[in-house]
Amino acid sequence: MAFITANWNPLGEAFYRKTELYEMCWNLRDGLRDCLVAAAPYGGPIALLREPHRRSPSSRPQLEIYSASGNSLASFPWKSGPVVQLGWTVNDELLCIQEDGTVLIYDLFGSFKRHFSMGQEVVQSQVLEAKVFHSPYGTGVAIVTGSSRFTLATNIDDLKLRRLPEVPGLQGAPSCWAVLTQDRQTKVLLANGADLFILDNTSCTAVSPPGLSPQVSSIVHMSVSFSYKYLALFTDTGHLWTGSAHLQVSQSALCLSSMWGCRRPKSQQPSVVLMWDRLLLVAGVCNDIIQYPHRPCVCVGELDGVRVVSSSRQELLQEVPLVCQEIFKIASMAPGALLLEAHREYEKCSQKADEYLREIKEQSMLGEAVRQCVEAAGHEYDIQTQKTLLRAASFGKCFLTDFSPDSFVATCRELRVLNAVREAGVGLPLTHSQFKQMTVQVLIDRLVYRQFYPLAIEICRYLKTPDYQGVSRVLKHWASCKVQQKDLSDEAIARAVCLKVGDSAGVSYSHIAAKAYECGRTELAIKLLDYEARSGEQVPLLLKMKRSQLALSKAVESGDTDLVYTVVTYLKNEMNRGDFFMTLRNQPVALSLYRQFCKLQEQDTLKDLYNQDDDHQELANYYVTASYREKRLESRLSVLQSAVDEYNKAKNEFAAKATEDEMRLLRFQRKLDDEKGAGLLGLSLQATMEALLALGLHKQAEQLYRDFRVPDKRYWWLKLKSLAEKEEWEELEKFSKSKKSPIGYLPFVEVCMKRHNKHEAKKYVSKVPPEQKVKAHLAVGDGAVLARCSASDRLLIDKLNRARATATKK
Amino acid sequence: MAHSARRDSPELPDFSVLKRLARDQLIYLLEQLPGKKDLFIEADLMSPLDRIANVSTLKQHEVDKLYKVEYKPVVSTSDQLCFLIRPRIQTVKWVCDVVNADKAAGKFKRYKIIFTPQKFYACETVLEEQGIFGDVSTDEWAFYLLPLDEDIINLELPEFFRDNFLEGDQRWVRTGGSALHLFHSIYGPFSKVYGIGRCSKMVYESWREQVKEGEQKARQAEVGTVFLIDRDVDFVTPLCSQVVYEGLVDDIFRIKCGCVEFGPDVTSSDKSIKVMLNSQDKVFNEIRNEHFSNVFGFLSQKARNLQTAYDKRRGMDIKQMKTFVSEELKGLKQEHRLLSLHIGASESMMKKKTKQDFQELLKTEHSLLEGFEIRECISFIEEHINRQVSYLKLCPLSLYFFTGLLPKDYRSLKAQYLQSYGVDHLLTFANLKQLGLLVEQQPGETLTVMESKMGKLVNDKTAGKLTDAFSSLAKKSNFRALSRRLSLVPKSDEEYDLRVPRDMAYIFSGAYIPLSCKLIEQVLERDGWTGLEEVTRLLNGHEFAVTADLRPQSDAQRIILVMFLGGCTFSEISALRFLGRERGYKFIVLTTAITNSARLIEAMLDNHV
């Protein structure tokens with residue numbers, strides 16, 4: 001334990017330490033020399049492009065992708081154009097920016113995803129230099145072209161190219177430049193010789209940092225901190241200028257000789273890491289420096305430090321966190337330090353433990369001590385140290401009554417997760433602060449990109465992440481990846497996916513199936529879709545895959561008619577008519593939906609539909625309906641004739657006969673209309689006869705009665721009513737005597753009474769058979785009573801009505 | 001009512017929140033089109049809209065002029081037009097015409113279509129086909145539930161019946177599911193759901209799906225039990241003439257959206273008035289569920305009471321008079337007005353009914369239900385057809401066909417009917433047959449043979465399509481068997497006192513217990529379908545009973561939502577109210593529309609304009 005401070009170096013008031021993260025497992029024969037290297041922050045992967053300038057087809061440069069611990073993820077010869085710059089996006093995708101402005105995107109495992117261009121004019125002028133940067137909007141790319149123009153894309157996922165204004169006096173590439181994100185704006189800071197410019201969307205502004213020595217003839221390097229807050233400039237005179245990125249506060253000037261690059265770790269006090277061929281140097285505000293002799297290496301700026309990657313190992317250079325300083329500083333009397341000491345003594349079974357504890361308690365700092373230990377444990381990289389600190393915290397906690405264990409528990413859990421992902425096999429060397437900053441979700445994503453599915457699921461379960469953000473999401477990625485495995489059969493994959501994914505909430509089988517379809521595995525996609533519970537999701541994909549029959553039956557199953565309709569419309573446009581109708585025929589639900597639509601929109605289609613089905617009955621009905629739309633009698637008759645034919649085919653003789661009668665009636669009506677202007681066309685048989693009788697055309701009415709075999713009863717009723725209406729009482733009497741009435745004589749009484757002709761009514765009462773006599777008399781007599789009193793007494797009517805009601809009921 | 005409700009019957013939930021919800025949503029949608037605009041409202045949405053938001057509310061939200069959709073060119077001068085319509089292709093086409101006419105005239109306006117209760121893909125297709133998809137914006141007003149009364153909620157979708165049961169068009173199923181979902185989200189969670197019928201089952205499934213998709217909040221249930229029933233389970237009941245006061249008013253004057261227009265013959269003046277018929281109307285509330293024969297007695301008693309109340313003022317001193325005028329007189333006046341209206345209505349109905357041989361009609365209906373004196377019934381129907389009393393006389397006709405008919409009678413009646421009313425009714429007959437309201441018995445086969453044959457087919461699951469084809473047949477001829485099994489027709493030898501009803505049969509003068517209500521009663525009594533296997537078989541199955549794992553609350557359990565898919569009649573509502581009083585339940589009726597025999601038959605007509 002005493003050696004914890006052994007690798008600490010003081011810089012001003014702070015300490016810096018360099019912790020080894022990994023012995024790199026890679027085997028680089030030529031080290032990192034002559035390589036384009038890109039390493040992503042947050043323990044991201046490393047990409048190497050060996051000898052990028054080699055262009056002969058016989059020996060192509062090799063692109064290699066490694067995890068942060070040096071595990072090879074992919075390696076392939078670079079066959080595209082010359083690459084200017086490599087970079088990583090926030091989604092762990094590799095960006096390869098070529099000289100002609102094309103940006104190729106690869107995933108972690110080296111498979112090509114897509115590409116985009118930084119603009120047409122770049123093809124001519126070529127990219128001189130490029131930078132990949134990260135901002136709150138995502139990952140961006142900035143390039144400077146041979147014509148000294150800058151082009152920016154703030155977010156490559158939502159590509160909008162911005163060509164920045166010209167910089168006065170700039171020839172070729174600037175001596176150095178950097179991308180800044182300030183005030184929600186992305187700008188470029190560049191140096192041309194000793195002149196500094198800030199380029200934004202609209203303007204190019206010359207700036208001069210305060211306190212920069214006037215002898216400077218050129219700024220050779222510049223670097224912006226991870227948070228875009230601080231800036232460092234290095235001049236040809238060997239001066240280092242640091243300040244805020246707004247170029248306002250000058251911090252110090254330092255004299256050095258030459259510099260390779262500089263990075264700035266975020267810490268209590270801003271400081272700059274400078275790197276030369278064999279020397280690494282940390283410079284702080286206090287004009288103090290730390291020097292590390294070093295092999296050639298690459299620096300990766302992180303949130304709270306710098307990762308130093310060399311060909312053999314990887315180290316983290318960071319400022320020792322304050323709380324660790326307090327605990328581990330030699331002769332520290334901080335409560336955490338005392339608690340650690342107390343615990344150490346306690347383990348030795350020494351009574352000194354009690355003394356230390358008392359000392360802390362006297363200052364009532366025990367809570368603070370525990371907190372310090374917990375926090376420090378989070379910042380430590382060494383597992384033993386973490387354990388020691390946590391044990392001490394746990395020990396101290398025992399003496400506290402109302403101390404919330406939350407932070408302790410949370411730190412324990414998080415450390416377990418962090419230690420798991422730091423393993424060389426996984427290779428995500430995250431610090432606790434980085435982990436906090438990137439959140440669990442992003443960590444899960446990173447693991448998923450690296451295809452560590454089991455670990456990701458374990459972590460989700462361990463941290464109790466809600467399913468839809470955790471396990472389900474992992475499973476979704478897993479399944480999407482699984483369906484791309486070409487060596488497995490469709491059944492095997494479908495089974496495996498179903499087994500793992502099961503009914504997990506938030507995993508959409510249609511999404512997985514879509515992936516499978518993208519990879520050209522249609523059969524697999526269909527199998528997977530079977531597991532999809534929501535038909536709404538199945539149908540569009542099935543249509544896309546041209547499985548229209550299946551789509552239709554799925555849509556029908558769903559019970560969502562809009563969905564059915566979508567498919568039907570699609571089919572209508574895709575298929576020829578015959579096939580379309582055949583398809584519909586097998587789906588009655590879809591068929592009736594379509595029929596409904598046709599009834600309103602496409603009458604002719606309806607006819608074709610029935611024709612196809614040989615549905616003569618419906619076809620005939622269709623013709624009958626259609627006949628009413630015809631204005632001219634001839635066409636109406638011809639349509640009706642078609643109806644008759646169809647009815648005959650449907651063996652519906654009754655309807656055929658009825659339709660034929662109708663045609664005959666129409667002709668008859670037409671004839672009479674022409675002759676007498678009777679206005680009969682379109683009336684029903686009964687109405688026609690009624691009209692004829694009313695017009696006094698008894699002969700014609702009689703003809704209809706015979707021609708159409710109208711039942712006697714009906715004819716008698718008609719005639720009876722019509723005669724009474726016209727009050728032709730003599731005719732009526734004659735009629736009553738013409739033969740025995742088929743409807744009896746009670747109606748005669750009733751029609752007379754309706755016209756209030758009691759005299760006539762009485763004539764027929766005698767003819768009424770005995771069982772109806774009472775009724776007849778009642779009609780004659782009652783009517784009179786009713787007529788007399790209806791105006792006067794309500795209650796009486798009431799009673800009377802009730803009496804009537806009971807009378808008729810019995 | 002002669003006897004009061006049980007004291008422990010639960011309180012009905014408050015439905016005014018449904019109106020507020022609908023109104024707020026409508027206002028929100030109107031605000032989406034800022035500025036002055038003209039609003040075009042579909043004709044049959046007028047009255048429902050009236051219940052939700054009055055004209056001044058609409059004006060407040062910058063609605064300039066209101067128009068009814070009349071399928072004519074519009075004369076609006078506003079540059080913003082808003083259409084509030086049902087998702088019907090015909091209406092959408094009209095909107096297209098309006099927009100295209102404006103375009104042709106070089107006028108540029110903003111258009112917005114608000115579909116209620118939802119939009120259908122077919123409507124959007126029409127917009128697309130007519131080339132105006134980009135010119136109009138569309139929205140949905142999720143106005144599903146219109147509370148008509150304290151126990152009636154209406155979807156106001158009369159076309160549900162024809163589309164679903166005749167055309168086999170299932171697009172309204174999801175609407176039904178959404179309506180139930182809305183109700184559930186406010187008054188649920190339901191602990192028991194029963195149902196019968198294919199559509200009910202689909203609505204139930206659609207609802208379940210929506211519940212699964214949405215989030216669930218634990219709430220105190222206000223309504224615990226739900227019963228879903230398809231109209232095609234029971235066609236007999238709506239085909240019968242109604243004799244309960246409210247039903248009779250509906251049959252004769254047509255109640256529209258809880259409101260009826262009484263003509264001059266009722267008001268005994270020269271103008272007609274519109275009256276809201278609901279539980280707010282005290283007089284109406286007391287007679288709505290009464291058999292018509294009791295109504296006069298009740299009204300005259302009421303009139304006498306009123307008179308006594310008026311008479312009180314004689315011999316009052318000034319002070320008493322003052323309190324009388326300020327406190328009682330207004331109420332009395334109001335009651336007086338209502339009383340005279342209902343007396344007028346009753347008289348007018350009585351007059352109309354005597355003219356149409358109402359008693360004969362009832363007698364025929366009852367004989368048909370009992371299955372006696374069929375010959376007499378046929379000649380009665382024949383006579384009516386011959387005399388051309390009303391084409392709606394199809395009701396007893398179909399009632400008759402429904403119970404099974406020999407081909408000879410069938411043909412002759414059909415022929416006579418066509419002679420009377422025109423050959424276009426061939427289509428009506430085709431529709432009735434399609435729906436299963438007309439069944440032509442095969443010669444040589446008796447009812448029972450058919451039944452057992454079909455029964456076997458229905459049970460045999462492998463028969464698959466064959467069953468589907470025949471099941472419609474099988475279902476229809478089963479009324480007799482059902483009637484026996486559920487004893488729907490009480491023994492006719494006993495005297496039935498309509499003043500003190502014994503059972504739900506009172507709504508049909510003691511001649512018939514409505515099948516739908518009987519089913520509900522039986523299922524509630526048995527807590528499921530056990531013991532009713534034979535009945536459900538006769539009804540062609542599709543029954544279900546689901547019990548959720550919830551702590552049952554006695555009160556909510558006894559409030560029962562009955563959802564009629566395809567409409568229900570006022571008689572059925574009266575029967576359910578009666579059942580509720582007897583058993584200590586409260587029924588809430590949720591229906592796609594209020595129906596009666598006339599509306600049912602009208603839905604079968606093919607209007608070819």
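**Notes on the predicted model**

1. Starting with the surface of chain B: it exposes about 26,000 Å², and carbon and sulfur atoms supply 50% of that area. Keep in mind throughout that this is a predicted model.

2. On the make-up of chain B, I count 27 helices and 14 strands in its secondary structure. The chain has 609 residues, and buried ones make up 59% of them. As for how the chain packs on itself, take the contacts with a separation of 6 or more: residues 24 or more positions apart account for 79% of these in chain B.

3. Next, Ser509(B). You'll find this serine in the loop that runs between helix H22 (479-485) and helix H23 (515-526) of chain B. Is Ser509(B) buried or exposed? Its relative accessibility is 13%, so the residue counts as buried.

4. What does Ser509(B) touch, leaving aside residues up to four places away in sequence? The answer is Val243(B), His291(B), His366(B) and Leu498(B). With His291(B) there is also a polar contact, side chain to side chain, at 2.9 Å. When you look at this spot, I'd take the loop and the His291(B) side chain together, as Ser509(B) sits in that loop and makes its polar contact with that histidine.

5. Now the cysteines. How many disulfides does a search of the whole structure find? The count is 0 over all chains. Cys299(A) shows why for one case: the closest cysteine sulfur, in Cys297(A), is 5.0 Å from its own, which is too far for a bond, given that a disulfide needs the two sulfur atoms within 2.5 Å. Cys299(A) is also buried, at a relative accessible area of 8%.

6. In chain B, Cys259(B) is in no disulfide either, and the nearest cysteine sulfur, that of Cys257(B), lies 8.0 Å away. Cys259(B) has 15% relative accessibility, so this cysteine counts as buried.

7. Last, the start of chain A. Strand S1 (residues 8-11) and strand S2 (residues 14-23) of chain A pair over 4 bridges, in the antiparallel sense. One of the residues to look at here is Pro10(A), whose bridge partner in S2(A) is Phe15(A). The two strands form a hairpin with 2 residues between them. Which residue in the hairpin of S1(A) and S2(A) takes a positive phi? That is Gly12(A), with a value near 60 degrees.

Notes: Residues numbered from 1 in each chain as written. Chains lettered and ligands numbered in written order. Predicted model: local features only at pLDDT ≥ 70, side-chain atom pairs only at ≥ 80, totals over all residues. Heavy atoms only, no water. Buried < 20%, exposed > 50% of the residue type's maximum accessible area, 1.4 Å probe, protein only. Contact = heavy atoms within 4.5 Å. Areas by Shrake-Rupley, 256 points an atom, 1.4 Å probe, with all protein chains shown as cover. Polar contact = N/O pair within 3.5 Å; in protein donor to acceptor, adjacent residues only side chain to side chain. Pairing = 2+ DSSP bridges.
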